[in-house]
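Reader: Please take me through one part of this model in detail. I would like to see how the two chains meet, and what lies behind that contact.

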There are 2 protein chains.
Amino acid sequence: MSEDRIWTAALIVIGDEILSGRTQDKNIAQVALWLNLQGIRLAEVRVVADVQDAIVAAVNELRARNDYLFTTGGIGPTHDDITVDAIAAALGRDVIVHPKARAVLEGYYASRGGLTEARLRMARVPEGAELIENRMSGAPGIRVGNVIIMAGVPHIAALMLEALSGQLEGGRPLISRTVGCWVAESEVADILRETEAAHEGCQIGSYPFFRDGTVGANFVIRSTDQQRLDACTDDLVARLTVIGRETFPDGI
Amino acid sequence: MSEDRIWTAALIVIGDEILSGRTQDKNIAQVALWLNLQGIRLAEVRVVADVQDAIVAAVNELRARNDYLFTTGGIGPTHDDITVDAIAAALGRDVIVHPKARAVLEGYYASRGGLTEARLRMARVPEGAELIENRMSGAPGIRVGNVIIMAGVPHIAALMLEALSGQLEGGRPLISRTVGCWVAESEVADILRETEAAHEGCQIGSYPFFRDGTVGANFVIRSTDQQRLDACTDDLVARLTVIGRETFPDGI
């Protein structure tokens, strides 16, 4: 594969607790940042309810048009944990009890009241799946085809990402630089547009803020190429300097 | 309309800053909680990039199957703010400068360097749209058909929601009660499933945690009917008490 091929992933956040507003999602940002390091771009995210048809439809649409599809949530032991069944249905695979997952859970629950039927649900995987280690709670993540099934609890999802680090084929990591400036973004909109247009392979994002009674903005330049990134950043700083604006190289 | 009709909304979060992981989204939870109070259920969320085709496709799919579609992000003055153009394209409407929005922005920027061409972008709306007041920054939100276009900055989006409170037709608000218990959710999975099945119109969510060296869970019962909600909650408490578990009425 060429280094310039763009690898993409989608994420499905599964869970009524996000849609009801009870829980503030933390997995989108966490997965996004981790993917940047793997050279994979998070292209789209969906949050869906604990409803099989909704999960199946989202899984089949997103796995087809991305290199990878991640899911978070719905792999616990309770009645609303239907992710494995829904993904197996989407893939047209049976659900089986994975022998290694069962052994891991037996060990984990040996001193915690034993492996009940409900707990055994966490060893169920779509047929042909591999496990992703989770040294925190015993219940593993699951990798099947290009679908990666992770826990919804953010620090457990983080451990699963850690176990996957360097395991997925990707492109060059996305890198970024930030330029801060005490200016209203609306005053420099033309400069931002022209600078971005002049530097192929670079995107400039503008993140305004209001602080200490003054408006300012951080401009984030992103690229997969260090030289292009540096050239675009230097050009933006030069253009802001020309109009008499001080810039702050690591943002404000 | 019957009180039992379920009103739904979808949310599209627009912005590369969310997909890159730079910004932690706060609008999903905020919109969800506000919708609960309006008697509208947040049914699905998508996060899409600042790419017109992606926005158009999501807008047309979600506005067709929900009573309301909210968007956040992409309505500022810079080159990456393409939400209004994308939504107008999705609706097959022209983009016009709204006279009242222009007047509001002229007033706001009178003492801030004047209304530049970039700033005037924030007065552009799909033809036929109404404005949603924003007393913080001048730039208004937009309501067009069943689509509600809001700012990405969470505290500005909050002001737009406040301006919309009580303005949208909905059903009965979703209400909830929480029961906390120092128990592994896997030990009570059967009780949760059976209790939910015994109480029509109620859903039980299970939110486990690990604290002070012990596992516990909060069980959240949701319904639009106070009597059903209370009956389901009482039943769950009774079933947990039977197996010797203490419960905490406002969660742990």
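Author: Here is the contact between the chains, followed by the parts of chain A around it.

This is a predicted model, in which local features need pLDDT of at least 70, side-chain atom pairs count only at pLDDT 80 or more, and totals for chains, interfaces and linings use all residues. Residues are numbered from 1 along each chain as its sequence is written, while chains are lettered from A and ligands numbered from 1 in the order in which they are written.

Start with the symmetry. A turn of 180° and a shift of 0.0 Å along the axis lay chain B on chain A with an RMSD of 0.0 Å. That is the relation of a two-fold axis. The superposition is by least squares on the C-alpha atoms of residues with pLDDT of at least 70 in both copies. Of the residues of chain B, Arg46(B) comes closest to the axis, at 2.2 Å (C-alpha).

Now the contact itself. Chain B gives 46 residues and chain A gives 46 residues. Two residues are in contact if their C-beta atoms, placed from the backbone, lie within 7 Å. On the side of chain B that touches chain A, the elements giving two or more residues include α2 (27-38), β2 (40-48), α8 (189-198), β10 (203-211) and β11 (214-223) of chain B. Helices (H or I, at least four residues) and strands (E, at least two) are DSSP runs, numbered from the N terminus. β2(B) gives the most, with seven residues. By class, this side of chain B has 19 nonpolar, 13 polar and 14 charged residues. Ala, Val, Leu, Ile, Met, Phe, Trp, Tyr, Cys and Pro count as nonpolar, Asp, Glu, Lys and Arg as charged, and the others, Gly among them, as polar. The copies meet through the same surface, because 100% of the interface residues of chain B are also interface residues in chain A.

β2 also pairs across the contact. β2(A), residues 40-48, and β2(B) run antiparallel over three bridges. Val47(A) has Val45(B) as its bridge partner in β2(B). Strands count as paired if DSSP finds at least two bridges between them. Strands of a sheet pair through backbone hydrogen bonds, either parallel or antiparallel.

Next, the domains of chain A. Domain 1 covers 7-164 and domain 2 covers 175-242. These bounds come from an automatic or database domain assignment. The C-alpha centres of the two domains lie 37 Å apart.

Then look at β9, β10 and β11 of chain A. They form an open sheet of three strands in the order β9-β11-β10, with antiparallel pairing. Its edge strands are β9 (175-181) and β10 (203-211), each pairing on one side only. Neighbouring strands are turned by 20° against each other on average, direction ignored. β10(A) and β11(A), residues 214-223, pair over nine bridges. There, Ser206(A) has Phe219(A) as its bridge partner in β11(A). Helix α8(A), residues 189-198, lies across β10 and β11 of chain A, at about 155° to β10(A). Axes are lines fitted to C-alpha atoms, for helices over the stretch in contact, and angles run from 0 to 180 degrees between N-to-C directions.

Last, the chain as a whole. Chain A has nine helices and 11 strands. Its C-alpha atoms fill a box of roughly 70 × 45 × 35 Å, taken along the principal axes.
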